[in-house]
Each structure stands twice: as C-alpha cells, then as structure tokens.
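Me: I would like to learn how to read this structure feature by feature. Could you walk me through it?

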Amino acid sequence: MSAIKVLLCCTLLVALAMSQVQGYSFTSKEVKCHVCKATVQELEEAISKEDAKKMVDVSGFRLDASGNSVTKRVRFIKSEMYLTELMEKICDKMDDYLKATYKSNNKFTLLKMIVDGKMNPESSLVDFVQDGDLNKSLGHFCLEVLEDNEETFLKAFQAEELGNDLDIKICSEQAKYCDEAPVQDEYDFDGKEEL
C-alpha cells in the first residue's frame with residue numbers, strides 16, 4: 001500500500017472512532033445521577049440481607065446522674081455505625097457496573113452486569129461505552145457522592161420507613177444530581193367522575 005492510502009485509511013479510522021465517541025456524550029452530572037441511584041440501590045440491597053430485628057446498644061457522650069454512659073437500643077440496620085461502615089465499602093460494588101447507552105434512544109445509563117447470578121437481560125438493549133479508565137471513575141464518583149451527601153444518606157436510611165422512590169428523594173430532591181420527580185399517586189376525586 002502506498003503511504004497516501006495508509007494515511008487516508010488512518011484518517012478515516014480516526015474520524016470513524018471520533019464519530020462513535022461523540023455519539024456517546026454525557027455529562028458528569030448524568031454519571032453522578034446514575035451512580036447515586038445505583039449506590040442507593042446497592043445500600044438497600046445490602047440492608048435487606050441483614051436481620052431487621054437485630055438490636056444493638058449505642059451510647060453517646062451523655063452521662064446519667066450517676067456518671068454512667070447513657071445507652072439506648074436501636075435496630076442494627078438503623079445504627080450510624082453500621083450504615084457508616086456499609087457506606088465505606090459500598091463503592092466497591094461500582095466495579096460491577098458499566099457505562100452504556102440504550103440503542104433505542106442513545107440515553108445514558110449504568111448497567112449492572114450480573115443480576116441474580118445471571119447476565120443482565122438488558123445488556124442486549126445497550127451499547128457499552130468504553131472509556132480509558134475502565135469504568136474506575138464510577139467508584140470515584142460513588143465516593144464523592146457519599147462524601148458530599150453523607151448526612152442525607154444517613155438520615156434517609158435511619159428513617160423508620162424507607163418508603164418508595166428513595167433514590168429520587170436522595171439523588172434528585174436532596175443531592176440535586178438528577179432531575180426526576182417521584183411518581184405522584186393518583187388523585188382521589190372523592191368518587192366524582194372527571195369532566
């Protein structure tokens with residue numbers, strides 16, 4: 001091959017690669033949104049594996065009239081100690097996720113590769129985004145999300161009832177990474193028909 005043909009082929013390959021990369025544009029805020037939601041999901045999953053009735057004694061810095069430390073019993077899964085330790089290691093789970101875009105609309109997502117011990121069925125619906133850091137930035141984003149919103153996460157997971165849409169409450173309403181709103185319950189017209 002002549003040098004001109006090689007140069008032309010290389011230029012064409014670079015242009016093709018650049019057009020592929022441009023097709024997968026997403027912002028850092030979008031990545032943080034999906035990382036935040038995945039973190040909430042991983043925390044919920046880890047907590048669900050614990051015994052919900054297990055109690056622990058927690059003590060503060062308060063003393064009673066005799067000078068003894070005041071302790072109280074709380075559910076283990078609601079204790080600050082457990083939740084803090086869980087948050088310190090939950091970002092390791094981001095290694096199980098890959099950046100992807102849906103083939104149908106080119107919308108960005110994070111896809112957990114293994115679900116219930118099997119390959120994620122949604123993997124055929126997406127194109128995986130290859131990046132230079134081999135998705136290691138997901139773990140860094142997770143750490144950043146938790147560090148910047150530690151109190152929000154603790155408060156949400158210490159609530160007596162976690163409720164639905166916890167990811168939206170934390171990631172959209174509190175941390176402001178996402179723009180989603182919780183699904184509204186249907187309005188009750190007190191039995192009256194709509195006009």
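**Reading the model together**

Reply: Gladly! Let's start with one residue: at 54% relative accessibility, Lys176 counts as exposed. Keep in mind as we go that this is a predicted model.

Me: Why does Lys176 count as exposed?

Reply: The cut-off for exposed is over 50% relative accessible area. Lys176 has a relative accessibility of 54%, so the label is exposed. Lys176 lies in the segment after helix 6.

Me: What else should I read off at Lys176, say from its phi?

Reply: The general idea comes before the case. Most residues other than glycine have a negative phi. Lys176, a residue other than glycine, has a positive phi near 65 degrees. Asn106 is another non-glycine residue with a positive phi, of about 60 degrees.

Me: Where is Asn106 found, and is Asn106 buried, partly exposed or exposed?

Reply: Look in the loop between strand 3 (97-102) and strand 4 (108-112). Asn106 has a relative accessible area of 40%, so it is classed as partly exposed.

Me: Let me step back to the whole chain. How many helices and strands are there?

Reply: The protein chain has six helices and seven strands. Read from the N terminus, their order is α-α-β-β-α-β-β-β-β-β-α-α-α.

Me: How do I describe the chain as a whole, in terms of buried residues and accessible surface?

Reply: The protein chain has 195 residues, and 32% of them count as buried. Its accessible surface is about 13700 Å², with 54% of that belonging to carbon and sulfur atoms. You can also ask how far along the sequence the contacts reach: among those between residues at least 6 apart, 60% join residues at least 24 apart.

Me: Can you show me a pair of residues that are apart along the chain, starting from Val129?

Reply: Val129 and Lys99 are 30 residues apart along the chain, while their C-alpha atoms are separated by 5.4 Å. Val129 sits in the loop between strand 7 (126-128) and helix 4 (137-148). With a relative accessible area of 9%, Val129 is buried.

Me: Now for the helices. Which residues of helix 6 are buried?

Reply: Helix 6 covers residues 166-174, and its buried residues are Leu166, Ile168, Ile170, Cys171 and Ser172. The next step is to ask what covers them: helix 2 (28-48) and helix 5 (150-158) are included in that cover.

Me: How do helix 2 and helix 6 cross?

Reply: To read a helix pair, take the axis distance, the angle and the handedness, and then the residues that meet. The axes of helix 2 and helix 6 come within 9 Å and cross at roughly 145 degrees. The crossing is right-handed. On the helix 2 side, Cys36, Lys37, Val40 and Glu44 take part, and they meet Leu166, Asp167, Ile170 and Cys171 of helix 6. Sorted by class, this contact has five nonpolar, no polar and three charged residues.

Me: What about helix 5: which of its residues are buried, and what do they pack against?

Reply: Thr152, Phe153, Leu154, Ala156 and Phe157 are the buried residues of helix 5. They pack against helix 2, helix 3, helix 4 and helix 6.

Me: How does helix 3 pack with helix 5?

Reply: Helix 3 (residues 80-90) and helix 5 have axes 10 Å apart and an angle of about 125 degrees. Helix 3 is therefore oblique to helix 5. Helix 3 passes helix 5 in a right-handed crossing. Glu80, Leu83, Thr84 and Met87 of helix 3 make the contact with Glu150, Phe153, Leu154, Phe157 and Gln158 of helix 5. By class, there are five nonpolar, two polar and two charged residues in this contact.

Me: I'd like to try the same reading on helix 2 and helix 3. At what angle do they pack?

Reply: Their angle is about 125 degrees, with the axes 11 Å apart. Helix 2 and helix 3 are therefore oblique to each other, and their crossing is right-handed. Thr39, Glu42, Leu43, Ala46 and Ile47 of helix 2 are in contact with Tyr82, Leu83, Leu86, Met87 and Ile90 of helix 3. By class, the contact of helix 2 with helix 3 has eight nonpolar, one polar and one charged residues.

Note on methods: Residues numbered from 1 in each chain as written. Predicted model: local features only at pLDDT ≥ 70, side-chain atom pairs only at ≥ 80, totals over all residues. Heavy atoms only, no water. Helix = DSSP H or I, 4+ residues; strand = E, 2+ residues; numbered from the N terminus. Buried < 20%, exposed > 50% of the residue type's maximum accessible area, 1.4 Å probe, protein only. Contact = heavy atoms within 4.5 Å. Areas by Shrake-Rupley, 256 points an atom, 1.4 Å probe, with all protein chains shown as cover. Axes fitted to C-alpha atoms, helices over the stretch in contact; angles between N-to-C directions. Left-handed = near helix turned anticlockwise from the far one by under 90°. Nonpolar A, V, L, I, M, F, W, Y, C, P; charged D, E, K, R; others polar. Parallel < 35°, antiparallel > 145°, perpendicular 65-115°, else oblique.
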